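This briefing summarises the fold, a surface patch and the main pocket of one protein chain. Please consult the sequence and structure shown below alongside the text.

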Amino acid sequence: MRKQHQQTFHNLVRKAWPGDIGELPAKPRKKASTDGSEHVKPCSYTPLEAPVEVQPKTLEEWELEQQKNEDHALLESRRQPQYRISYRQTVATEDIYLQMNCKTPSTASCENMIVEILFPEEDATIGVHHIELSVKEQCVTVETPKYFLNLVLPHKIDPDKGNAAWHSDQKTLQLTLRMVRELDFVNF
């Protein structure tokens, strides 16, 4: 009898937590789905397949492609936004205090290129869904409702190793692009 009383007391004590004070909210009952959609995952994250770009095989094909790009740029009526290009190093403690990696303050020791694109006259409601961004090995194209930028980069980059951030309060798009250079194995 005493053991049964201890178990009852133990069950009462376990239920008295601070979250249990007051009435418990009524749990809504789920309606039975007849179409079977509850068994389908609502979202699956699969990597996007990059479109296969066919490299021109002859000089004539390359010239034709360049002519199409120039024609598109000439017919574009949107304004070109202002932009800044800067460089960033990845610096660790041993680089600062011990100087072990032979890094210098020059841009030759920088791994990332930072491109900041300013959109001062865009509406306050502009967001990421209004911006079209295309990043290629040596070219960045940005399109918004009022601006168009086709920027040829000073260094080759890896289009798969970069990121973009939209700062809505400043109306600025910041691209961090990983540079690919021939002598990077010497500098790093």
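Helix α3 spans residues 93-98 and contains Ile96; helices (H or I, at least four residues) and strands (E, at least two) are DSSP runs, numbered from the N terminus. The model is predicted: local features need pLDDT of at least 70, side-chain atom pairs count only at pLDDT 80 or more, and totals for chains, interfaces and linings use all residues. Residues are numbered from 1 along each chain as its sequence is written, and side-chain values use heavy atoms, without hydrogens and water.

**Overall fold**
- The protein chain has 4 helices and 7 strands, in the sequence order α-α-β-α-β-β-β-β-β-β-α.
- Of its 188 residues, 21% are buried (under 20% relative accessible area, 1.4 Å probe, protein chains only).

**Surface patch**
- Ile96 joins Val91, Tyr97, Leu98 and Met100 in a nonpolar surface patch with about 590 Å² of accessible area together.
- Patch residues have over 30% relative accessible area and no salt bridge (a side-chain nitrogen of Lys or Arg within 4 Å of a carboxyl oxygen of Asp or Glu); nonpolar side chains (Val, Leu, Ile, Met, Phe, Trp, Tyr) are joined within 5 Å, like charges within 9 Å.
- Accessible areas come from the Shrake-Rupley method with a 1.4 Å probe.

**Largest pocket**
- The largest pocket has a volume of about 960 Å³; a pocket is an open set of points on a 1 Å grid where a 1.4 Å probe fits, with protein on both sides within 12 Å along at least five of seven lines.
- Its lining comprises 26 residues, each with an atom within 4 Å of a point; Glu65, Gln66, Asn69, Lys136 and Cys139 lie nearest the centre.
- Helix α2 (59-75) is among the elements that supply at least two lining residues each, together with β3 (132-135), β4 (139-143) and β5 (148-152); α2 gives the largest share, 9 residues.

Note on methods: Points joined across faces, edges and corners; volume = space filled by probe spheres on them. Buried < 20%, exposed > 50% of the residue type's maximum accessible area, 1.4 Å probe, protein only.
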